[in-house]
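Please open the model in your viewer and keep the sequence panel beside it, since each stop on this tour asks you to select something and then look at what is there.

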Amino acid sequence: MTTSYKHLFQRSLAANPDRLHMAAHSHHLWPDASWLGHQAAWEDAARLADTKWKRVMEEMWPAGQGHVARELALPDPSTVCFAGNTHDFLIRIVSAIPRRPVRILATAGEFHSFTRQVARWVEAGDVVLETVEADDALEARLVERARSGEHDLIVVSHVTFGTGRVFGALSDLAAVAAPEGPWVLVDGYHGFMAVETDFSAYAGALFYTAGGYKYAMAGEGVGFLHAPPGYAMRPAVTGWYAAFDDLTAPPGGVGYAPDGRRFLGATFDPSGLYRFVAVRDMLAREGLSTAVISAHVADLRDQLIGSLDKSALGDAEIVNPPGSMQARFLALRSPRAADWQAALLARDVYTDVRGDVLRIGLGLYHDARDVEQFCEIATKL
């Protein structure tokens, strides 16, 4: 039997005790520590009023930067900036590229917040988009096209959200990136705190963005960006917070903070940052590193795979079988994927579907009994 960490999630589990939430990759349930962090944000606002921003920017902000830097092995926490979501960072990075139309190279497996925005830019004539199919030859073909010198921005997911496959050629993209272009943006949302990531070798060349909604367990409202020094120093989409510690203002012009804060906008809701710091502090106290949580999830994943043949899901193709690096969800391809997802939901079992792929997400709040219950229900589909 695997260890159980349900005691860290008592509020979320008690709020809907009949639900079997097997979608930690989609909307991760919030641990009790996040409630304490959210409460602290409110109490600071009430207690400090106008002066709360001193606490936010001088205490919570660097605490959050430190947690991100430690997780990714970044050499300098000041390269990290926070915003309400990762979409904010996409539009600011693109706004800093002087050429129009912007030439973007991306995989065909990027998330909707990217694909929708880029599709609209293409409609408007602001972007020319080239995509590479997210299949077994993705890495080789993307790197080959990246080396062509024909693009201003290259976008790739560290872990593809549809299939759970890990992109393993970041070093090749780092060798291509340069301050004068191209720039490379790594979408780490399905990798951050799910796959152990040492980004230190790429920190001087690659952008990295993720947030709290999934494996960071902090909920929405706390996206972050690591911005390599010397890249995109003057985003055209900007807010007055980006002028903090302004060292670059030309006479009568618009200046920017010299570090990651150059990507700031204007006034924001800091409660997500409070939750993120509170959750990360709790995990540190409990000794729950990404490696420890991944090992817990791997045991559950193996248990799940071992029981699939006994269920209606047994005929599905496992898109991301166990390997050296693993996403935190099992991706099962079948023409019946949407029917299975609907049938499970009717039984208060939460999974999700992307096309013909059913995704079953495992997390810290699951234990062996949850997998047993899921497999028992799946035999009746």
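Begin with the lining of the largest pocket, in what is a predicted model, and colour the lining residues by character: they divide into 10 nonpolar, 13 polar and six charged. The pocket itself has a volume of about 480 Å³, and 29 residues line it. To find the middle of this pocket, select Thr 86, Phe 111, Ser 113, Asp 187 and Tyr 189, which are the lining residues that lie nearest its centre. Then select the elements that give two or more residues to the lining, namely α4 (86-95), α5 (112-124), β5 (153-157) and β6 (183-187). Which of the elements gives the most to the lining of the largest pocket? That is α4, with three residues.

Next, show the strands as ribbons and select the open sheet of seven strands, whose order is β2-β8-β7-β6-β5-β3-β4 and whose pairing is mixed. At its edges are β2 (80-83) and β4 (127-132), each of which pairs on one side only. If you look along the sheet, the twist from one strand to the next averages 20°. For a closer view of one pairing, select β3 (residues 102-107) together with β5, which pair in the parallel sense over three bridges, and within them find Leu 105, which stands opposite Ile 154 in β5. Keep these strands on screen and add α5, which packs on the sheet and touches β3, β4 and β5; the direction of α5 makes about 135° with that of β4.

Some backbone details come next, and for these it helps to show main-chain atoms. As a background, most residues other than glycine have a negative phi, and most peptide bonds are trans. Select Arg 100 and Pro 101, where the peptide bond between the two is cis, with omega near 0°; Pro 101 belongs to the loop between α4 and β3. Then move to Gly 181 and Pro 182, whose peptide bond is also cis, again with omega near 0°, and note that Pro 182 sits in the loop between α7 (170-176) and β6. Finally, select Met 217 in the loop between β7 and β8, a residue that has a positive phi of about 65° although it is not a glycine.

Turn now to side chains and display the aromatic rings, among which a search of the whole structure finds 17 aromatic pairs. One of them joins Phe 207 and Phe 263, an edge-to-face pair with 6.1 Å from centre to centre and 85° between the planes. The pair links distant parts of the chain, 56 residues apart, with Phe 207 in strand β7 (residues 206-211) and Phe 263 in the loop between β8 (223-226) and α8 (271-286).

From here, go to the enclosed space. How many cavities of 30 Å³ or more does a search of the whole structure find? The search finds one, and the volume of this largest cavity is about 60 Å³. To outline it, select Trp 61, Phe 82, Ala 83, Gly 84, Gly 221, Val 222, Phe 268, Asp 269, Pro 270 and Leu 273, which line the cavity. By character, the lining of this cavity divides into seven nonpolar residues, two polar and one charged.

For the last stop, select the open sheet of four strands, which has the order β9-β10-β13-β12 and antiparallel pairing. Its edge strands are β9 (317-318) and β12 (352-354), each pairing on one side only. Zoom in on β12 and β13 (residues 357-361), which run antiparallel and are joined by three bridges, and pick out Asp 352, which stands opposite Arg 359 in β13. Adding helix α10 (residues 337-346) completes the view, as this helix lies across β12 and β13 and runs at about 40° to β13.

Technical notes:
Residues are numbered from 1 along each chain as its sequence is written. This is a predicted model: local features need pLDDT of at least 70, side-chain atom pairs count only at pLDDT 80 or more; totals for chains, interfaces and linings use all residues. Side-chain values use heavy atoms; hydrogens and water are left out. Two strands pair if DSSP finds at least two bridges between them. Contact means heavy atoms within 4.5 Å. Axes are lines fitted to C-alpha atoms, for helices over the stretch in contact, and angles run from 0 to 180 degrees between N-to-C directions. On a 1 Å grid over the protein atoms alone, a cavity is a set of points where a 1.4 Å probe fits but cannot get out, and a pocket is an open set with protein on both sides within 12 Å along at least five of seven lines; lining residues have an atom within 4 Å of a point. Grid points are joined across faces, edges and corners, and a volume is the space filled by probe spheres set on the points. Ala, Val, Leu, Ile, Met, Phe, Trp, Tyr, Cys and Pro count as nonpolar, Asp, Glu, Lys and Arg as charged, and the others, Gly among them, as polar. Rings of Phe, Tyr and Trp (its six-membered ring) pair if their centres lie within 6.5 Å; planes under 30 degrees apart count as stacked, over 60 as edge-to-face and the rest as tilted.
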